[in-house]
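Good morning, and thank you for making time for this short presentation. I would ask you to look at the structure on the screen while I speak.

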Amino acid sequence: MPERISMGDAGLVVPDQPIIPFIEGDGIGPDIWSAARRVFDAAVEHVYLGDRRVEWLEVLAGEKAYGDSGEWLPGETLEVLWSHLVGIKGPLTTPVGGGIRSLNVTLRQTLDLYVCLRPVRWFRGIPSPIRTPHLVDMVIFRENTEDVYAGKEVEEGTLDAARLRTFLSECYGWDIREDSGIGIKPISVTGSKRLVRAAIRYAITFGRRSVTLVHKGNIMKFTEGAFRSWGYEVAREEFPDETVTWEDSGGDPGDKILVQDVIADAMLQQILTRPANYDVIATTNLNGDYLSDALAAQVGGIGLAPGGNINYTTGHGLFEATHGTAPKYAGLDKVNPGSLMLSGANMFRYMGWVEAADLIEASLEAVIGDRIVTYDLARLMKFATEVKTSQFATEMIERMPIIEEYAALHGTRRAPSDLRAYM
Ligand code: NAP
């Protein structure tokens, strides 16, 4: 019988038939959701042979909700996402005016989804602007609730800006130029530690080698620098058996997870020049924004970058395509469904359905390896066959039994370079 996912003492409790709410999304949302849902159901069916099944539950948000009820984000949608813990969504239009800053921001704030999870790896066959994209396999934990993104800003020329300048001058002796807008950058012990804790736990669960704290602490000592110190504190105090810092290791971390730190600007060079040195990354909100997009570009761009927003304490997780609604392509069955599909794979991984996640990734890689791609990749690849969104899903599903056969023989779903040899 379909049941809700719940939170137990040891983490998520996932029944064999979980009810998972989904938001189809605006613009290209329906195109990519219908393709992705077929792939999700097929992967679960192939791997668990009917023992597990997802009961999808549609909830409304964005233009569909506005057309239905006059509300962009109905209270009922928030309640269902709250009570069912894990959900998935397509892209949503940001309404202009109407008092809502962004539906995505509202969802993240309401559910206190403090981790923005961005796994970034290259799939064989995808055109990349770098020479060694196969060395990119990182998982970014970007803090999602603080930093200059907390929205604490006053506008230049307003009474609020004048008041704040006067206060800062009188109390701190800080002279701020009169024609300035001013933003506040809060970074807390609570926000930093829970983020780094989640990153280290992820590294432990999935056998990762290192956690790198990325910060700009050389300049902003009490925010970015403090993030670095609190991150090391979490590692030393809470995970002494599983982690080690470079200094404590004497240059050899052994089997332990290496916890290290890199300054943000150097990190943007390092991901290009030495990508193999980095694995799990824990970072503040703004640094994480830059890093996620830079890394996504290294492995194939926006159509394929998955995302998830998670609160590891309450269990809430909302997985999403990272691109927008691309309205000019809406209803054309044309765009790349990869971002939503890979976000779904990460949702299954979060639920502990790792085999289904692996099968989705392996089948996507197999199709792209055969140079069967949507328009966005076809324009960058030689000898590619361009297919529609729905056909891309069909091609993935057709390869699933072969990948399962291969997995039974070899113990891995990482697709071989030429699956046709197994057909
Ligand atoms: P966008 O929708 O991401 O589209 C920009 C361009 O990216 C598209 O024209 C297309 O490039 C490419 N693209 C996006 N998704 C693709 C896919 N699945 N496959 C292939 N190419 C893809 O960005 P935008 O035009 O700035 O934003 C449109 C709306 O989306 C806005 O209302 C914005 O607020 C919203 N938005 C929502 C989210 C979210 O819900 N998470 C995120 C970002 C933006 P080409 O034209 O070169 O083919």
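I begin with the ligand and its surroundings, bearing in mind that this is a predicted model. The ligand is surrounded by 22 residues, and those that come nearest are Thr94, Gly324, Ala326, Tyr329 and Tyr375. Sorted by class, this shell consists of 9 nonpolar, 8 polar and 5 charged residues. Two elements, strand E15 (317–321) and helix H13 (375–378), each supply at least two residues of the shell.

Which polar atoms of the protein lie beside oxygen atoms of the ligand? In the side chain of tyrosine 329, an N or O atom is 2.7 Å from a ligand oxygen. For leucine 92, a polar backbone atom is 2.8 Å from an oxygen atom of the ligand. Lysine 328 places a polar side-chain atom 2.9 Å from a ligand oxygen. As for coverage, the ligand on its own has 890 Å² of accessible area, of which the protein covers 69%.

Let me now turn to the interior. The largest nonpolar core contains 100 residues, and Phe141 and Phe348 have the most contacts inside it. Helix H1 (residues 29–48) contributes the largest share of this core, with 11 residues. A second core, separate from that one, has 14 residues, among them Ile23, Trp72, Val80 and Leu107.

Finally, consider phenylalanine 141 itself. Leaving aside residues up to four places away in sequence, Phe141 touches a group that includes Val115, Cys116 and Leu117, as well as Leu195, Ala198, Ala199 and Tyr202. Further along the chain, Phe141 also touches Val280, Ile281, Ala282, Thr283 and Tyr312.

Note on methods:
Residues numbered from 1 in each chain as written. Predicted model: local features only at pLDDT ≥ 70, side-chain atom pairs only at ≥ 80, totals over all residues. Heavy atoms only, no water. Core = buried A, V, L, I, M, F, W, Y, C linked by side-chain atoms within 4.5 Å. Buried < 20%, exposed > 50% of the residue type's maximum accessible area, 1.4 Å probe, protein only. Helix = DSSP H or I, 4+ residues; strand = E, 2+ residues; numbered from the N terminus. Contact = heavy atoms within 4.5 Å. Near = heavy atom within 4 Å. Polar contact = N/O pair within 3.5 Å; in protein donor to acceptor, adjacent residues only side chain to side chain. Areas by Shrake-Rupley, 256 points an atom, 1.4 Å probe, with all protein chains shown as cover. Nonpolar A, V, L, I, M, F, W, Y, C, P; charged D, E, K, R; others polar.
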